[in-house]
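These are my notebook entries on what I looked up, written for someone opening the entry for the first time. I kept them in the order in which I worked.

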Amino acid sequence: MNSRITLKEIVVLAMISALMGVVFTGIDSIYEPLTALAGPFGGAIIYGVYLISALIGMYIVRKPGAGLIGSLFTGVINLLMGSPYGIHIIVASTLQGLGVEIPMFLGKYKKFNLLQMSIGAVLAMILVTIRDYFVFGFGMYGSLMPAIFAVRTISSIVFGAGLTIVIGKALLSTGVLNGFKIAAKSGE
Amino acid sequence: MLRIKDLSLAFPEQGKVFNNISFNVRKNTITLLSGNSGVGKSSLLMCIARVIPNIIEGEIKGEIIYKNANIADKGIDSISGSIGYMFQDPDSQLCSFTVEDEIAFGLENLNIDPNQMDDIIDRALDLTGIRHLRMRNLNQLSGGEKQKVALSSILALDPEFIIMDEPTANLDPKSTREIVDLIRKLRDEMGKTILIVEHKVKEIMDIVDDVIEIYEDGALNIEKDEFFKSYLVKSKLPVKSKKSLEENPVIKVENLSFSYDKDREILKDINFSLYEGEMVAIIGPNGAGKSTLTKLLIGLMEPCKGRILIKNKDISEMSPKDIGKSLGLIFQNPEHQFIKMTVEKEMALGLELGGASQEEVSNKVDYYLNLFNLSSQKNMNPFALSQGQKRRLSTASMMINGQPILILDEPTYGQDRENLQELLNLLYDINNRGVSILMITHDMDLVENSCDRYIYLEGGQVKHCGIVDDNFKDNLEREIMAYEGE
Amino acid sequence: MKGNKDFIDNMNPFFKIIMLTIITIIGSTDFLPFVSGTLIISGLVIAHLFSSLSYKEVLYSVRAFIIMSVGFMNIILLTRLLSNQDLELLRILGLGFRIILISIYSTIFVKTTDPTEFVMALIKYFKVPAKFGYSFLTAYRFLPTFKDEMEIIKHAHQVRGIEESRNPLIQVWNSKRYIIPMLATAVRKGIRISVAMETRAFGKYETRTYYRSLSLNKQEAIGSLLYLLYIAAIITVFSINGLTNFTLIYG
Ligand SMILES: Nc1ncnc2c1ncn2[C@@H]1O[C@H](COP(=O)(O)OP(=O)(O)OP(=O)(O)O)[C@@H](O)[C@H]1O
Ligand SMILES: Nc1ncnc2c1ncn2[C@@H]1O[C@H](COP(=O)(O)OP(=O)(O)OP(=O)(O)O)[C@@H](O)[C@H]1O
Ligand SMILES: [Mg+2]
Ligand SMILES: [Mg+2]
């Protein structure tokens, strides 16, 4: 199969991003009670969910750039939905997309198992966390930082990579993904 | 103009769809493509538009000869601009934000000089009679208006050949007539050739030149008069004897008002009742507020004013689950209620949650699968079904639970007459056993044959209601005329 | 340039994107609250004078972020209090203001910019390929549809007797139940739209023309430049008085 990304794939990536934009606003309502309950850990616990939009695009399309494109679309959508991070969200999206893209690139876009996806998710998380450290006062948490980092890692694997794979597989069984690379069952 | 020769199609997973189809479409005619739900009509149109296999994977064998060239192995760009393709879902064929941008989109792709575009856009909008919508936002249009925009955007490119997949599904009778008139105009005044799939045979039979019937193993060019004659006989809907049962109200709507936002009231002071054992139709133009009403009845949204009683209990005091126990709603879009990943499990869900035994569940599910003509799809994913199959599944999975009240939002759309007859017989059957039914539909034949009463909703108000008798259609016409004349 | 109420609304998105980028950079590198505080107020005033937005509208649409930023400041304060570190009130205030600053300018940007023109600007000035621009536009139009759909699906599941867990983590995991049907619809819509685009000759030729023309207007350029000078002046004045602290590394 051709490894250049097609118009169909781009539109679908954009649609998924828009949908995820909406779902995230829904998830924010869970975020708040969680923060109330677990303080700074609250955000970290469901951190992984926010990686899904970069991961799911890559998981379905399985071509170079899919993760980055999906992630950037989500970023621009969030920007237009009035994100408080402004242009920053684009920086975060780029980092996230790159994080997902790197391990897939190294694996020549052939492997998409839980391990590979988890590496992508964790890498994306690390890159964004570094940005948070510089810009959003992550360092201000002081001694809690390593613990938050650990929670974010677990969340990236469970709610990022894990949930993406479960959703991707279920979506595949609906038949709407026939004609995407995921349906060719490459790399599992 | 177009010749299909021994065309076969198979999808990678589902297997073969149709085999050895051959037929011709003559220049400057309207050809109706007919066939049972799920036989592959939509897929065939996609083959002609080169969507299969270019965008959707599928294995095609045979020849598609368009203007003396075989396009069966060519890409989309070989025909884009020359063959226009309009499909059923008005929402998913628009790709910009405003009406004029949408029409301009195709022109831009063909590198037309922007200075000429204004004229072309106006002309394309005039053809469908929607010039007044030119600056409007696509999101704020009704389904019928969106269909007209889609058609205008295709006409702007001036294609010679236009294929249409159920262009009037979901449209009210008036918009349907308008689209049908428009199709006639395309042939008579503009010299276009049209290939159309349409379940509303009665509405378009006057303008059709040729009829082609598709079967799994071939296609037949049928004599059109014969086809229509036998169609009218075969498609007679079963008639239910009318009852008058105005005793125990099961749903009572009192002074109901609702608006999505402050600007516009969608429902204004609605009052009506559904009595036990009745079958009542809610009719009215697109955008009248019918689906909104169902969302209120099921408790998805809260009314701004007034209240809704189900069996004398205010639904604002009931949990969604309790509402679900007494009332089954079949949504306008069947996909909104699919939960499980196979047809069989989807059917079983309600029974399982209700605590039925394994054996009971499997017996009942098999029975209903059979009844709804879905047995061979039982291991398929609900989302992979054809339009009509989905509709039947959502209806079946609600009916199997046996709630005492059933609300159906356009149960007939996308159905062929045979399936429709089956569905009606089933509804009559449960209705006889005491289930009260509220049905939203644009099909006046259906109302005439099956409902005891009707409620006519327009602009968010109950404009008229009454019993359905032999004079129903005349009465309705007179009433509506009276309102339009106001 | 007198109190023209549509000036910002009609402005070429190019200028607005530049402005938002500069504000974001300033906001996220200075971590004292003074410059951001001043820019918050001037942003509100400018929006009030030169756009169709009123103070109330802008503040109302960022209310969630103001609350969030206050919460954020409290949490950091609390953790620092608990772990016995310096409170550094000013820096924490700076951090909170930074969120408000960026969100106010983002809101003004979003509310005054037509998405189609935004995408046109991306294509024209930032050389984003048309494929991406139009794909984005199409998807963006579906946001309200997706919102409604999510409500309907959630409710449909409840009515059918599916109960939502009380545990928020299980809720997150189970959200796939309604994400999957929505994704299926979204993917299918996406495929159909790409069909509609390609059958209308999108991508058939290397080039395409544009019906809407965007041009860089002189008055708008001057207006933007004046505001940039104003920002520069503020930063200079505050810097001289030691009221700024620009650095990339925080903490
Ligand atoms: N992309 C696809 N992949 C696999 N199978 C498909 C796909 N699209 C349709 N099918 C299957 O092919 C068959 C024909 O579907 P199609 O939509 O063409 O039917 P139809 O004649 O248009 O039916 P209806 O009148 O109900 O719309 C159906 O059984 C359907 O389940
Ligand atoms: N979520 C929403 N937000 C705002 N307005 C809406 C929303 N949903 C529907 N509307 C508007 O409410 C009006 C009634 O819509 P509704 O879907 O109830 O009409 P309907 O009678 O079911 O039409 P149809 O016959 O086309 O299905 C329409 O004008 C529509 O544009
Ligand atoms: Mg069809
Ligand atoms: Mg409706």
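**Ground rules.** Before listing any neighbours I fixed the term: a residue is near a molecule or strand if one of its heavy atoms lies within 4 Å of it. I noted that this is a predicted model, in which local features need pLDDT of at least 70 and side-chain atom pairs count only at pLDDT 80 or more, while totals for chains, interfaces and linings use all residues. Residues are numbered from 1 along each chain as its sequence is written, chains are lettered from A and ligands numbered from 1 in the order in which they are written, and side-chain values use heavy atoms, with hydrogens and water left out.

**Entry 1, ligand 2.** I looked up the surroundings of ligand 2 and found 15 residues around it, of which B:Asn286, B:Lys290, B:Ser291, B:Thr292 and C:Asp148 come nearest. Because the residues that surround ligand 2 come from chains B and C, I entered the site as shared between chains.

I then went through polar contacts, meaning pairs of N or O atoms within 3.5 Å; within protein, one must be able to donate a hydrogen and the other to accept it, and residues adjacent in sequence count only if both atoms are side-chain atoms. A polar side-chain atom of C:Asp148 lies 2.8 Å from a nitrogen atom of ligand 2. From chain B, a polar backbone atom of B:Gly287 is 2.8 Å from an oxygen atom of ligand 2, and a backbone N or O atom of B:Gly289 is 2.9 Å from an oxygen atom of the ligand. On its own ligand 2 has 640 Å² of accessible area, and the protein covers 74% of it (areas by the Shrake-Rupley method with a 1.4 Å probe; for residues, only the protein chains shown count as cover).

Helix α9 (residues 290-297) of chain B gives the largest share of the shell around ligand 2, three residues; helices here are DSSP runs of H or I with at least four residues, strands are runs of E with at least two, and both are numbered from the N terminus. I sorted the shell of ligand 2 into four nonpolar, seven polar and four charged residues, where Ala, Val, Leu, Ile, Met, Phe, Trp, Tyr, Cys and Pro count as nonpolar, Asp, Glu, Lys and Arg as charged, and the others, Gly among them, as polar.

**Entry 2, ligand 1.** Ligand 1 lies between chains A and B, and of the 20 residues around it B:Ser37, B:Gly38, B:Lys41, B:Ser42 and B:Ser43 come nearest. I found an oxygen atom of ligand 1 at 2.7 Å from a backbone N or O atom of B:Gly38, and one at 2.9 Å from a backbone N or O atom of B:Gly40. A polar backbone atom of B:Ala384 is 3.2 Å from an oxygen atom of ligand 1. The protein buries 86% of the 640 Å² that ligand 1 exposes when taken alone.

In the shell around ligand 1 I have five nonpolar, 13 polar and two charged residues. Helices α1 (41-48) and α13 (387-399) of chain B each supply at least two residues of this shell. Domain 1 (2-234) and domain 2 (249-479) of chain B each give at least three, the bounds coming from an automatic or database domain assignment.

**Entry 3, helix α1 of chain B.** Is B:Lys41 buried or exposed? This residue of α1(B) has 7% relative accessibility and so counts as buried, which means under 20%, with exposed over 50% and partly exposed in between (1.4 Å probe, protein chains only). Seven of the eight residues of α1(B) are buried, so the helix is largely enclosed by the rest of the structure. The C-alpha atoms of B:Lys41 and B:Ile214 are separated by 7.4 Å, although the two are 173 residues apart along the chain. Just after α1(B), I noted that B:Arg50 takes a positive phi of about 65°.

**Entry 4, helix α8 of chain B.** In α8 (residues 224-234) I listed B:Phe227, B:Phe228 and B:Tyr231 as the buried residues. They fall within an arc of 95° seen down the axis of α8(B), so they line one face of the helix; the arc is that of the directions from the helix axis to the C-beta atoms. On the other side of α8(B), the exposed residues are B:Asp225, B:Glu226, B:Lys229 and B:Val233.

**Entry 5, chains A and C.** Chain A has seven helices and zero strands, and 64% of its 188 residues count as buried. For chain C the assignment gives domain 1 (2-113 + 217-240) and domain 2 (135-195), and the centres of these domains, taken over C-alpha atoms, are 34 Å apart.
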